[in-house]
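Open the structure in your viewer and keep the sequence panel beside it. The tour below goes from one residue out to the whole chain.

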Amino acid sequence: MDLELLQTYGPRMLAGLGMTLKIVLLSVALGAVLSLPLAVARMSSIKWLGRLAYGYTYLFRGTPLLAQTFLVYYGAGQLRPELQELGVWWFFRDAFWCTVFTFTLNTAAYQAEIWRGAILALPKGQWEAIHALGLGRISGVREVILPQAVIVALRPLSNELVLMLKSSAIASTITVPELMGVTGLAFSRSFDFQVYLWAAVLYLALVESIRRICARLTVRFTRHLLH
């Protein structure tokens, strides 16, 4: 290990790691807020609403995240006058916010399908129990359905978080100084492949942390089933 190289570029890579976490956590959190209403719309008996939600998930799950990022970032520049009129150009001219916006829309589609699958996986008797207890639909979903759906959805959601973490490297293609972007810059100046090994170790450490947290949460949420 080249300690001089580490001293020179290590702090920059840690700063890039912080940017990566900022992008991923913000996008996944905002996507989670959008995903539940989207999942409900997918299961709605209102045909046009269900088709609209299906079209949204089909579009974002069926096209590459890289293409979506380019479409938002570079496409916004083509609509600059219109965006300035709407007062949102400040948002779309910033590569960071374009990345967060695109990642949020993308992960919301995946999370919505995860939630839909988790809810549909529950026995129909759970819905009958809600009616038998005299609970309203909203309170029944909140108190009966969602707590059980969380157990089913937890591992797929953690996988989605891992995928978003690894996909965050896409942000470097539109000049966002996240981990891979900073690593690429360090390599272009040092021509030492060690910097990519360091980046791989950082990604691996984050993925392992997510795995361990998910495992602990799974044990905590399912401890009543062990008895």
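**Start at Ser-45**

Select Ser-45 in this predicted model: the residue is exposed, because its relative accessible area is 74% and the cut-off for exposed is over 50%.

Next, show the ribbon around Ser-45. This residue sits in a loop, with α1 (3-42) before the loop and α2 (47-62) after it.

Now add Gly-18 to the selection and draw a distance between the two C-alpha atoms. Ser-45 and Gly-18 are 27 residues apart along the chain, and their C-alpha atoms are separated by 43 Å.

**Whole chain**

Zoom out and colour by secondary structure. How many helices and how many strands does the protein have? There are ten helices and zero strands. Followed from the N terminus, the elements read α-α-α-α-α-α-α-α-α-α.

Turn the model along its principal axes. The box that the C-alpha atoms fill is roughly 70 × 55 × 25 Å.

Colour by burial next. The protein has 227 residues, and 37% of them count as buried.

Switch on contacts. Among those with a separation of 6 or more, 74% are between residues 24 or more positions apart.

**Surface and charge**

Show the surface. The accessible area of the protein is about 13600 Å², and carbon and sulfur atoms account for 67% of that.

Last, select the charged side chains in two sets. The positive set has 20 side chains and the negative set 12. Place a marker at the centre of each set: the two centres lie 10 Å apart.

Notes
Residues numbered from 1 in each chain as written. Predicted model: local features only at pLDDT ≥ 70, side-chain atom pairs only at ≥ 80, totals over all residues. Heavy atoms only, no water. Helix = DSSP H or I, 4+ residues; strand = E, 2+ residues; numbered from the N terminus. Buried < 20%, exposed > 50% of the residue type's maximum accessible area, 1.4 Å probe, protein only. Contact = heavy atoms within 4.5 Å. Areas by Shrake-Rupley, 256 points an atom, 1.4 Å probe, with all protein chains shown as cover. Lys, Arg positive; Asp, Glu negative; His and termini not counted. Charge placed at Lys NZ, Arg CZ, Asp CG, Glu CD.
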